[in-house]
Each structure stands twice: as C-alpha cells, then as structure tokens.
Amino acid sequence: MLTLGIETSCDETAIALLHNSREILADVVLSQAQVHERFGGVVPEIASRNHLQYVLPCLEEALHKAQKTLEEVELYAVTAGPGLQGALLVGVLFAKTLAGVYGRPCMGVNHLEGHLLAIALAEDAPQPPFLSLVVSGGHTHLFAVEALGRYRQLASTRDDAAGEAFDKTARLLGLPYPGGAQVDFLARKGNPQAFAFPRALKGKGIYDFSFSGLKTAVAHVIAKEGIPRGQRLYDLCASFQEAVADSLTKKCMEAARQEGFEAIALGGGVAANSRLRSLAKERAEAAQLRLYVPEPSLCTDNAAMIALAGHEAYMRGERGCMALDAKPTWHLSERA
Ligand code: KG4
Ligand code: ZN
C-alpha cells in the first residue's frame, strides 16, 4: 500500500511517501526555522502562510523523489493535532482535497503517535508492550504502549517541555532558535559537572517531569555573571544538558522497572540529543532493558512517521472521514 503522509503542525512542512509500513520512498522536510529565528520562536500566522506556500513544492519534490504519481497513492495520512490551529488546517485541508479528488481514504493522525511510532520505521523495531518517552518542543510524555493504537499516559511535564527548556535556555544564551541542536553541539566541549543544576521531582514513583526550575537556574547564572563565553559557555551547555538527560532517563528507567516493561523507545526532537541517547543507552544496559532510538532525522518532525501511523491505523480497521478537522489540543488516548 502506498501512503502519502503530510505534516504541518508547527514550523516544518513535510511530505513523505511510504510503501507498506517500512519502505520510505521519499521524506521531504522544509524547515521554516530561519523564517522564525528573528522572532525567537514560531509565529503562528507566519507558519500557516509559509505552509500554504511550501506545501505544493514539497509534494512535487516527494513525488519526484519516489518516482510516483498521485494516481498511485492509496491512502492519505495527515497530522490533525495537536499543534497550531492555522498550521494544522493547511495540512488537513490539503489532505482532504487530494483524498476527495482521487477518491482515497484520509486518516487524521495524532502528531505524538507519529513520534511514538517513528521507531517502527527502523529495521530493529520494538514489539508492544513497551514504554515510550516522547520528548519534543511542545511535549514531554511517558506512554505505556500496550498495543499499536492503545496508549496509556504514565507521566508528563508539569511545566516546560524538554525541547522548550532547551530552546528557552538557548535563547537566554543568545543562541538562535531553535536552540536544542546548538546547545547539544556546544555541550560536546564542556564539562557536565561544572554547574550543579537542579533535578526536579526526584521522589521515587513520581514519573512526572519539570524543567522550569532548571531554566530559572540558568537565568540566575546569567544574571550573576552575564552570558558566558568560551569554555564557560560550553560548560554551562553541558551541565544543562546533563540535567535534562539525567532527569529524563532516571524517570524512564524507574517507570520501566515499576511498571514491568522490558523495552523502552524514545521519540521526538529531543531524542536526537547526543547525551540523552548515550545516557539512555548506558542506563538501559545497566538495568538490562532493551532500548530503541530512531535515527536523528526520524526524531525531529517528519511526515514518514505520520504516514506510518496512518497506515497502521488503517490496517487495524480504522477509517478516516472527510469531516476530519484540525484538533489543536488532542490527547493521545482520545480517538480522532
Ligand atoms: O519533535 P520536534 O521536531 O517538533 C515538535 O514536535 O516540537 O522537536 C523540536 C524540538 C525543539 O525544541 C528542538 O530544540 C529540539 O527538539 N531538538 C533538540 C535537538 N534537536 C532538536 N534538543 C536537544 N538536542 C538536539 N540535538
Ligand atoms: Zn514533533
């Protein structure tokens, strides 16, 4: 089955063509990060307008790369939420139009399910049940994946998402938006023990996350000594990153142990972080848990994961409908 996936929930316009559930024929991602950089974050109105402008060229490039035509597409899968309303609407209307014109079904996909299932595109994919940590710019959740399509939320952030903490810290340091990858890069030359940053909600059995205190601790350092330069900047980035990776992985391992999971999967943009990946590997090995982490390009926003989530839902017997609408706030445990 040939599925065309569409992702426009935030500031990436992405279109992918997926053959059955593994073979990515094309995965085109046009990032608007540079457009939003001077505002220090995503401007919803600008994001919607850019999606409108990029979506057709993106489709043409994907079809060209895959050497396919729209007549050959058998299923459409589009991110319907959560995300920015105007941005989501562009993708949803685009998908429904194509599906209507070509007489094909159109599935509305939850963006978080896309991140959670990105790991299933890998050669070595986990079989449910497993624990999934989804860490992105807007979300930080731990899900029990009981079966494909059956997710139970075990924990989430009480304030900032992990990616938001990276982006806000980067902004305090005068680094361009989005700052996660920049902090990761600068941290490579730093000492992660240089600053004793706090780890919130350390109690046993508490899996929820909190990152606003950490961001405030960084702000205090800057208020005291100004924006650090050179080695001090590298050390600050490394210490901040260590605190995020430490909290995320500790809670993940603890939840896996308490809930009886033998496998953990990571997903979302922050799962591209080098320290989170290495610390998760270290701790999973020590706890004798199997760890699955997608390639960095499948951690950040893409449409291949949306195509896969739509395809899997269709194979489970779910059917899309042309009344599909954008759902800016959509919890993963709810159906479309
Ligand atoms: O999943 P994603 O692409 O979009 C959302 O659904 O939000 O995640 C974007 C987030 C941003 O906050 C970005 O700074 C962060 O992922 N990110 C990283 C890295 N690459 C992207 N954070 C830390 N280290 C990275 N290497
Ligand atoms: Zn995302």
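What spacing do the donors of the zinc ion (ligand 2) follow along the chain? They follow H-x3-H-x185-D. Keep in mind as we go that this is a predicted model.

## The zinc site

Let's put names to that pattern. The zinc ion (ligand 2) is held by H111 through NE2, by H115 through NE2 and by D301 through OD, at 2.0 to 2.1 Å. Look at where two of these donors sit: H111 belongs to helix α4 (residues 111-117), while D301 is in the loop between α10 (296-299) and α11 (304-315). That pair is 190 residues apart, so distant parts of the chain are linked here. Are H111 and D301 buried or exposed? Both of them are buried.

## The largest pocket

Next, have a look at the largest pocket, which offers about 1,100 Å³ of space. It is lined by 38 residues, and the closest to its centre are S136, G137, G138, D167 and Y177. Helix α4 turns up again here: along with α5 (162-172) and α6 (180-187), α4 gives two or more residues to the lining. The top contributor is α5, with 6 residues. What is the lining made of, in terms of nonpolar, polar and charged residues? The split is 14 nonpolar, 16 polar and 8 charged.

## Strand β1 and its partners

Strand β1 (residues 2-7) is a nice one to trace from end to end. Because 6 of its 6 residues are buried, β1 is largely enclosed by the rest of the structure. In a regular strand, side chains alternate between the two faces of the sheet. In β1, L2, L4 and I6 are on one side and T3, G5 and E7 on the other, and both faces are covered.

Which strands does β1 pair with? One is β2 (residues 12-19), which runs antiparallel to β1 over 6 bridges. These two form a hairpin with 4 residues between them, and L2 has H19 as its bridge partner in β2. Another is β4 (residues 75-81), which runs parallel to β1 and is joined to it by 4 bridges. There, G5 has A77 as its bridge partner.

A further hairpin is made by β7 and β8. Strand β7 (residues 140-147) pairs with β8 (residues 150-156) in the antiparallel sense, over 6 bridges. A144 is matched with R152 in β8. This hairpin has 2 residues between the strands, and G149 takes a positive phi near 90°.

## Unusual backbone angles

A few spots in the loops are worth finding on the model. Here they are side by side.

| Where | What to look for | Value |
|---|---|---|
| G81 to P82 | cis peptide bond | omega near -15° |
| P128 to P129 | cis peptide bond | omega near 5° |
| N20 | positive phi | phi near 50° |
| Q288 | positive phi | phi near 55° |

P82 is in the loop between β4 and α3 (85-102), so you can get there by following β4 onward from its pairing with β1. P129 sits in the loop between α4 and β6 (130-135). As for the positive phi values, N20 is a residue other than glycine, and so is Q288. N20 lies in the loop between β2 and β3 (23-31) and is partly exposed, at 34% relative accessibility. Q288, in the loop between α9 and β10 (290-292), counts as exposed at 74%.

## A buried loop residue

Now for A271, in the loop between β9 (263-267) and α9 (274-286). A271 is buried, with a relative accessible area of 0%. Along the sequence A271 and V134 are 137 residues apart, yet their C-alpha atoms are 7.9 Å apart in space.

## Cysteines without disulfides

How many disulfides does the structure hold? The count is 0. Why does C10 not bond to C58? Their sulfurs are 15 Å apart, and that is too far for a bond, even though C58 has the closest cysteine sulfur to C10. For a disulfide, the two sulfur atoms have to be within 2.5 Å. C252 tells a similar story: the closest cysteine sulfur, in C299, is 13 Å away, so a bond is out of reach. As for their surroundings, C10 is partly exposed, with a relative accessible area of 24%, whereas C252 is buried at 2%.

Terms used. Residues are numbered from 1 along each chain as its sequence is written. Chains are lettered from A and ligands numbered from 1 in the order in which they are written. This is a predicted model: local features need pLDDT of at least 70, side-chain atom pairs count only at pLDDT 80 or more; totals for chains, interfaces and linings use all residues. Side-chain values use heavy atoms; hydrogens and water are left out. Buried means under 20% relative accessible area, exposed over 50%, partly exposed in between (1.4 Å probe, protein chains only). Donors are N, O and S atoms within 2.8 Å of the metal (3.2 Å for Na, K and Ca); water is not among the atoms, so sites may look incomplete. On a 1 Å grid over the protein atoms alone, a cavity is a set of points where a 1.4 Å probe fits but cannot get out, and a pocket is an open set with protein on both sides within 12 Å along at least five of seven lines; lining residues have an atom within 4 Å of a point. Grid points are joined across faces, edges and corners, and a volume is the space filled by probe spheres set on the points. Ala, Val, Leu, Ile, Met, Phe, Trp, Tyr, Cys and Pro count as nonpolar, Asp, Glu, Lys and Arg as charged, and the others, Gly among them, as polar. Two strands pair if DSSP finds at least two bridges between them.
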